[in-house]
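Student: I would like to go through this model one question at a time. Please give the reasoning before each result.

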Amino acid sequence: MISQTDSFILRTHGKGTYPITKEIKRFVGQAGIKDGVATVFVSHTSASLVIYENADPTAREDLHAYFEKIVPEDNPDYHHTLEGPDDTTSHLRMALTRTSEVIPIKAGVLCLGTWQGIYLFEHRREPHERTIWVNVMGQ
Amino acid sequence: MISQTDSFILRTHGKGTYPITKEIKRFVGQAGIKDGVATVFVSHTSASLVIYENADPTAREDLHAYFEKIVPEDNPDYHHTLEGPDDTTSHLRMALTRTSEVIPIKAGVLCLGTWQGIYLFEHRREPHERTIWVNVMGQ
Amino acid sequence: MISQTDSFILRTHGKGTYPITKEIKRFVGQAGIKDGVATVFVSHTSASLVIYENADPTAREDLHAYFEKIVPEDNPDYHHTLEGPDDTTSHLRMALTRTSEVIPIKAGVLCLGTWQGIYLFEHRREPHERTIWVNVMGQ
């Protein structure tokens, strides 16, 4: 059994979902384990994780549009808006999606379904450098 | 320390929540570990996981009704609807709940609360075969 | 490699978010591992977990207000209301946030970002004793 924790930086340029499946698969390959789990963790409160449909781009467009609607920026009720209209909304959108995701590994391969892609969900308008932590554990 | 990854198929027949606690407990029992964690992972983008109230059936009926309301099918704004009105909505409902869930194991037993049941949340109208991966890790 | 599962009790006094980062860090320190993951799990269906902004109190006030709005108590559609208007709503709010969260450990330290705090999200009005399970695993 081994445990290997590492991180990488993803540069984002505005709201939306950014594919990170390849990077996670690379970490799993490097660890060289056959059976175990990969933990993905975003160490930010205005970006999150989502595993989503990876084939049709309109699927993710609907996701982006849905979050604009369910957590609208133009809401006079918000108080935590010092950094702009995408301040408190970015935290709320993060809370509704995920900060950590754990994916089993079998025969050295991540057990993702055919249509599953792992995405960083950026909730901020401005460019950001996002740190994503990956732990691979198993034997 | 050992790591054991396996999967099982659940046949669904329309939208709703399907109990899978027994299957997860069986995997934990078979692994024979005393202390560790069990990771549950659904490898689909139109079904998800939720740990929910397991005693009163109306609790889960309220859950089903709530998701029909918060992610309604009859929304003209959706673009990813090639497979019907339950296409993009199934992905959105999945994104709002969970794809992975990790439950600690103590004294050989899953640390679930009295009222906690593990459920697959099916978001599609048609019957489906859903693959659920389970990793049990510990000592 | 070791695995160490333990729990602690948090006393809540009404709806809101309660910081538990210090307790989780204490468990990680006691386990004495350098590389691994910490799994946090709430064994209740009317309380949940959220990793949220830890600096400005108004951020969490916006979170609380948002959940009152997106899962309102005064909804005549609910059926599971035997224990009051905060009964079914507490389960729905739990389903929209998290029951488990997994955080990587590197060089003996939890890989939390500067602004990330771990919180128990209490959805009940009355005081409760909440059990939080923590598994620390690694080498």
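Student: How many bridges join S4(C) to strand S7 of chain C?
Tutor: The model is a predicted one. In it, S4(C) and strand S7 (residues 116-122) of chain C run antiparallel. Within this pair, Val50(C) has Tyr119(C) of S7(C) opposite. The number of bridges joining S4(C) to S7(C) is seven.

Student: Which strands of the open sheet in chain C stand at the edges?
Tutor: The sheet is open and has three strands, in the order S2-S7-S4 (chain C), with antiparallel pairing. An edge strand here has a single partner strand, so one side of it is left without a neighbour in the sheet. The strands in that position are S2 (16-19) and S4 (47-53) of chain C.

Student: By how many degrees are neighbouring strands of this sheet turned against each other on average?
Tutor: The sheet in question is the antiparallel one with the order S2-S7-S4 in chain C. With direction ignored, the average turn between its neighbouring strands is 40 degrees.

Student: At what angle to S4(C) does helix H2 of chain C run?
Tutor: Helix H2 (residues 57-70) of chain C lies across S2 and S4 of chain C. Those two are the edge strands of the sheet. Relative to S4(C), the helix runs at about 140 degrees.

Student: What turn lays chain B on chain A, and what axis does that give?
Tutor: The superposition of chain B on chain A has an RMSD of 0.0 Å, with a shift of 0.0 Å along the axis. The turn is 120 degrees. That relation is the one given by a three-fold axis.

Student: What turn lays chain C on chain B?
Tutor: Here, too, the RMSD is 0.0 Å and the shift along the axis is 0.0 Å. The turn that lays chain C on chain B is 120 degrees.

Student: Which residue of chain B comes closest to the rotation axis, and which residue of chain C?
Tutor: In chain B, the residue closest to the axis has its C-alpha at 3.4 Å, and it is Leu96(B). In chain C, the closest approach is at 3.4 Å (C-alpha), and the residue is Leu96(C).

Student: Which element gives the largest share of the side of chain B that touches chain A?
Tutor: In this interface, 24 residues of chain B are in contact with 31 residues of chain A. The elements of chain B giving two or more residues to that side are strand S1 (2-13), strand S3 (36-42), helix H3 (88-96), strand S5 (100-106) and strand S8 (127-138). By class, the side has nine nonpolar, 14 polar and one charged residues. The largest share, five residues, comes from H3(B).

Student: Why do the copies in chains A and B meet through different surfaces?
Tutor: The reasoning compares the interface residues of chain B with those of chain A. The copies meet through different surfaces because the part of the interface residues of chain B that are also interface residues in chain A is only 12%.

Student: Is His44(A) buried or exposed?
Tutor: His44(A) is placed in the loop between strand S3 (36-42) and strand S4 (47-53) of chain A. Not counting residues up to four places away in sequence, it touches Arg130(A) and Gly113(C). A residue is buried if 20 or more other C-beta atoms lie within 10 Å of its own. With 25 C-beta neighbours inside 10 Å, His44(A) counts as buried.

Student: How far apart in space are His44(A) and Ile132(A), C-alpha to C-alpha?
Tutor: In sequence, His44(A) and Ile132(A) are 88 residues apart. In space, the C-alpha to C-alpha distance is 8.8 Å.

Student: Is Pro72(B) buried or exposed?
Tutor: Pro72(B) is found in the loop between helix H2 (57-70) and H3 of chain B. Pro85(B) is 13 residues away from Pro72(B) in sequence and 9.1 Å away in space, C-alpha to C-alpha. Exposed means 12 or fewer other C-beta atoms within 10 Å. Pro72(B) has 11 such neighbours and therefore counts as exposed.

Student: What is the value of phi in Ala107(B)?
Tutor: Ala107(B) is in the loop between S5 and strand S6 (109-110) of chain B. This residue is exposed, with 8 other C-beta atoms within 10 Å. Its phi is positive, in a residue other than glycine, and is near 55 degrees.

Note on methods
Residues numbered from 1 in each chain as written. Chains lettered and ligands numbered in written order. Predicted model: local features only at pLDDT ≥ 70, side-chain atom pairs only at ≥ 80, totals over all residues. Contact = placed C-beta atoms within 7 Å. Helix = DSSP H or I, 4+ residues; strand = E, 2+ residues; numbered from the N terminus. Nonpolar A, V, L, I, M, F, W, Y, C, P; charged D, E, K, R; others polar. Pairing = 2+ DSSP bridges. Axes fitted to C-alpha atoms, helices over the stretch in contact; angles between N-to-C directions. Least-squares fit on C-alpha atoms with pLDDT ≥ 70 in both.
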